[in-house]
Every structure is written in C-alpha cells, then in structure tokens.
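I opened this entry to record how the helices of one chain pack against one another. The notes follow the order in which I looked things up.

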Amino acid sequence: MKAHYDFSKARRGAVVPAAPTKTRITIRLDEDILAWFRQQVNEAGGGNYQSLINDALRDHIERGTAQPLEETLRRVIREEMQRAG
C-alpha cells in the first residue's frame, strides 16, 4: 500500500451507473416482504431482489386494477414457491 493516495480528481457515485430507465428512490417495505424477495434470489443462485420486486409491481400494473395488489403479490409468491420447491 502507498503511504498517500491522490484523490483530488476522484468523483463520488456508483461504480456501475444505473440504466437510464431506472430511478433511485427510498422506499420502506415490511421486513418479511424484503426477506422473502432476498430469499428467492438466494435460492435461485443469484440475481437481484430489487428486480423481482419491480417485476411483481409491473405484473400488477399490466393486469390493471381489476385484481388487487394483495392478490397479485400472493399469486407471485405462490408461483415462486412452486418453482423453488
């Protein structure tokens, strides 16, 4: 290791920039919901739990308001559990 590093031209930010179609937000989710999505990613051998959450929300939107969000999430959870089990 060097005794001194020059950070005068350094920039803050993500190492890999996000896709232009993605927006960083802060959201509060129940711990059990977050744990479930993380578990799905771990059981699948990797991936991104945020993408799974995004897919669940997108699926709900595409189905329209005819099906309540709770039903959509339950369906997604059942499908993922069947696939994993």
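In which helix is the place of Glu43? I looked this up before anything else and found Glu43 in helix H1. I worked throughout on a predicted model.

**Entry 1. Glu43.**
I then checked how accessible Glu43 is. Its relative accessibility is 47%, and because buried requires under 20% and exposed over 50%, Glu43 counts as partly exposed. I also looked up a pair that is remote in sequence: Glu43 and Gly85 lie 42 residues apart along the chain, and their C-alpha atoms are separated by 9.8 Å.

**Entry 2. H1 and H3.**
Since Glu43 belongs to H1, I turned to the packing of that helix with H3. I noted an angle of about 25 degrees and axes 11 Å apart for H1 and H3. Angles under 35 degrees count as roughly parallel, so H1 and H3 are roughly parallel to each other. H1 passes H3 in a left-handed crossing. I listed the residues in contact: from H1, Trp36, Gln40 and Glu43; from H3, Val76, Ile77, Glu80, Met81 and Ala84. Sorted by class, this contact of H1 with H3 holds 5 nonpolar, 1 polar and 2 charged residues.

**Entry 3. H1 and H2.**
For H1 and H2, I found axes that come within 8 Å and cross at roughly 115 degrees. This makes H1 roughly perpendicular to H2. The crossing in which H1 passes H2 is right-handed. On the H1 side I recorded Leu34, Phe37, Arg38, Gln40 and Val41, and on the H2 side Tyr49, Leu52, Ile53 and Ala56. The classes in the contact of H1 with H2 are 7 nonpolar, 1 polar and 1 charged. I followed Phe37 separately: leaving aside residues up to four places away in sequence, Phe37 touches Tyr49, Leu52, Ile53 and Ala56.

**Entry 4. H2 and H3.**
I next examined the pair H2 and H3, where H3 covers residues 69–84. Their axes come within 10 Å and cross at roughly 130 degrees, which means that H2 is oblique to H3. H2 passes H3 in a right-handed crossing. H2 contributes Ala56, Asp59, His60 and Arg63 to the contact, and these meet Leu69, Thr72, Leu73, Arg75 and Val76 of H3. I counted the classes for H2 with H3 as 4 nonpolar, 2 polar and 3 charged residues.

**Entry 5. The nonpolar core.**
Which residues make up the largest nonpolar core? I found 6 residues in all: Leu34, Trp36, Phe37, Ile53, Ala56 and Val76. Helix H1 (31–43) and helix H2 (49–63) are the elements that give two or more residues to this core. H1 gives the most, with 3 residues. I added one background remark: in soluble globular proteins, nonpolar side chains tend to be buried together.

**Entry 6. Cross-check.**
I compared the core with the contact lists. Ala56, a core residue, appears in the contact of H2 with H3 and in that of H1 with H2. Val76, likewise in the core, meets residues of H1 and residues of H2.

Methods:
Residues are numbered from 1 along each chain as its sequence is written. This is a predicted model: local features need pLDDT of at least 70, side-chain atom pairs count only at pLDDT 80 or more; totals for chains, interfaces and linings use all residues. Side-chain values use heavy atoms; hydrogens and water are left out. A nonpolar core is a set of buried Ala, Val, Leu, Ile, Met, Phe, Trp, Tyr and Cys residues joined through side-chain atoms within 4.5 Å. Buried means under 20% relative accessible area, exposed over 50%, partly exposed in between (1.4 Å probe, protein chains only). Helices (H or I, at least four residues) and strands (E, at least two) are DSSP runs, numbered from the N terminus. Contact means heavy atoms within 4.5 Å. Axes are lines fitted to C-alpha atoms, for helices over the stretch in contact, and angles run from 0 to 180 degrees between N-to-C directions. Angles under 35 degrees count as roughly parallel, over 145 as roughly antiparallel, 65 to 115 as roughly perpendicular and the rest as oblique. A crossing is left-handed if the near helix is turned anticlockwise from the far one by less than a right angle, and right-handed if clockwise. Ala, Val, Leu, Ile, Met, Phe, Trp, Tyr, Cys and Pro count as nonpolar, Asp, Glu, Lys and Arg as charged, and the others, Gly among them, as polar.
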